[in-house]
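This briefing introduces one structure to a reader who has not met it before. Please look at the sequence and the model first, then read the points below.

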Amino acid sequence: MFPRLRVNIFPGGFNWPIFAAIETGAFSRRGMEVELQATSGSVAQMTGLAAGDFEIAMTAFDNVVAYVEGQGEAP
(Lines give C-alpha, C1' and ligand atoms only; values in the text may rest on other atoms or scores of the structure.)
Protein backbone atom coordinates (compact mmCIF):
# COMPACT_ATOMS: atom_id res chain seq x y z
CA MET A 1 0.00 0.00 0.00
CA PHE A 2 1.35 3.38 -1.01
CA PRO A 3 1.25 6.35 1.33
CA ARG A 4 -1.51 8.64 0.13
CA LEU A 5 -0.69 12.30 -0.33
CA ARG A 6 -3.76 14.54 -0.62
CA VAL A 7 -3.02 17.68 -2.65
CA ASN A 8 -5.55 20.51 -2.74
CA ILE A 9 -5.36 22.62 -5.91
CA PHE A 10 -7.02 25.49 -7.71
CA PRO A 11 -8.22 24.00 -11.01
CA GLY A 12 -6.21 25.06 -14.04
CA GLY A 13 -3.53 24.25 -16.55
CA PHE A 14 -0.78 25.48 -14.24
CA ASN A 15 -1.09 22.08 -12.51
CA TRP A 16 0.17 20.27 -15.61
CA PRO A 17 3.42 19.09 -13.94
CA ILE A 18 1.36 17.27 -11.28
CA PHE A 19 -1.00 15.87 -13.91
CA ALA A 20 1.97 14.66 -15.97
CA ALA A 21 3.67 13.09 -12.94
CA ILE A 22 0.49 11.20 -12.04
CA GLU A 23 -0.16 10.12 -15.62
CA THR A 24 3.38 8.89 -16.25
CA GLY A 25 3.61 7.07 -12.92
CA ALA A 26 6.38 9.25 -11.51
CA PHE A 27 4.79 9.29 -8.06
CA SER A 28 3.84 5.62 -7.97
CA ARG A 29 7.38 4.56 -8.97
CA ARG A 30 8.52 6.32 -5.80
CA GLY A 31 5.91 4.62 -3.66
CA MET A 32 3.43 7.48 -3.48
CA GLU A 33 -0.24 7.73 -4.29
CA VAL A 34 -1.30 11.33 -5.05
CA GLU A 35 -4.94 12.32 -4.76
CA LEU A 36 -5.89 15.73 -6.19
CA GLN A 37 -8.72 17.72 -4.63
CA ALA A 38 -10.06 20.86 -6.30
CA THR A 39 -10.68 23.78 -3.96
CA SER A 40 -13.60 26.19 -4.09
CA GLY A 41 -11.48 29.12 -2.90
CA SER A 42 -8.78 30.48 -0.61
CA VAL A 43 -10.79 30.23 2.60
CA ALA A 44 -11.74 26.61 1.96
CA GLN A 45 -8.15 25.81 1.10
CA MET A 46 -6.55 27.46 4.13
CA THR A 47 -9.10 26.12 6.63
CA GLY A 48 -8.86 22.64 5.08
CA LEU A 49 -5.08 22.70 5.36
CA ALA A 50 -5.27 23.82 8.99
CA ALA A 51 -7.84 21.09 9.73
CA GLY A 52 -5.67 18.38 8.17
CA ASP A 53 -8.10 17.62 5.34
CA PHE A 54 -5.11 17.34 3.00
CA GLU A 55 -1.32 17.38 3.32
CA ILE A 56 -0.38 19.94 0.66
CA ALA A 57 -2.10 23.05 -0.68
CA MET A 58 -0.93 24.17 -4.13
CA THR A 59 -1.66 27.87 -4.19
CA ALA A 60 -0.22 31.21 -5.15
CA PHE A 61 1.46 33.20 -2.41
CA ASP A 62 -1.03 36.05 -2.79
CA ASN A 63 -3.77 33.73 -1.52
CA VAL A 64 -1.82 33.09 1.67
CA VAL A 65 -1.10 36.80 2.21
CA ALA A 66 -4.72 37.75 1.57
CA TYR A 67 -5.93 35.12 4.01
CA VAL A 68 -3.48 36.20 6.73
CA GLU A 69 -4.44 39.86 6.18
CA GLY A 70 -8.14 39.05 6.74
CA GLN A 71 -9.36 39.19 3.15
CA GLY A 72 -11.78 36.30 2.95
CA GLU A 73 -11.14 35.39 6.56
CA ALA A 74 -12.78 32.23 7.82
CA PRO A 75 -15.65 32.66 10.29
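Helix α2 covers residues 42-51, and Gln-45 is part of it. The model is predicted. The points below begin with Gln-45, move to the sheet, and end with two residues of its strands.

**Gln-45 in helix α2**
- Gln-45 has a relative accessible area of 0%, and because the limit for buried is under 20%, this residue counts as buried.
- The side chain of Gln-45 makes a polar contact of 3.1 Å with the side chain of Thr-59.
- Apart from residues up to four places away in sequence, Gln-45 touches Asn-8, Ile-9, Phe-10, Thr-39, Phe-54, Ala-57, Met-58 and Thr-59.

**The sheet and helix α1**
- The sheet is open and consists of three strands, ordered β2-β1-β3, with parallel pairing.
- Strands β2 and β3 (56-58) are at the edges, each pairing on one side only.
- From one strand to the next, the twist averages 30°.
- Strands β1 and β3 run parallel and are joined by three bridges.
- Helix α1, residues 16-24, packs on this sheet and touches β1, β2 and β3.
- The direction of helix α1 makes about 140° with that of β2.

**Ile-9 in strand β1**
- Strand β1 spans residues 4-9, and Ile-9 belongs to it.
- Is Ile-9 buried or exposed? Ile-9 is buried, because its relative accessible area is 6% and the limit is under 20%.
- Met-58 in β3 is the bridge partner of Ile-9.
- Beyond its neighbours within four places in sequence, Ile-9 contacts Asn-15, Phe-19, Leu-36, Gln-37, Ala-38, Thr-39, Gln-45 and Met-58.
- Ile-9 and Gly-41 are 32 residues apart along the chain, and their C-alpha atoms are separated by 9.4 Å.

**Ala-38 in strand β2**
- Ala-38 is in strand β2, which covers residues 33-38.
- Ala-38 is exposed, because its relative accessibility is 60% and exposed means over 50%.
- Once neighbours within four places in sequence are set aside, Ala-38 is in contact with Asn-8, Ile-9 and Pro-11.
- The C-alpha atoms of Ala-38 and Pro-11 are separated by 6.0 Å, while the two residues are 27 residues apart along the chain.

Definitions and conventions. Residues numbered from 1 in each chain as written. Predicted model: local features only at pLDDT ≥ 70, side-chain atom pairs only at ≥ 80, totals over all residues. Heavy atoms only, no water. Helix = DSSP H or I, 4+ residues; strand = E, 2+ residues; numbered from the N terminus. Buried < 20%, exposed > 50% of the residue type's maximum accessible area, 1.4 Å probe, protein only. Contact = heavy atoms within 4.5 Å. Pairing = 2+ DSSP bridges. Axes fitted to C-alpha atoms, helices over the stretch in contact; angles between N-to-C directions. Polar contact = N/O pair within 3.5 Å; in protein donor to acceptor, adjacent residues only side chain to side chain.
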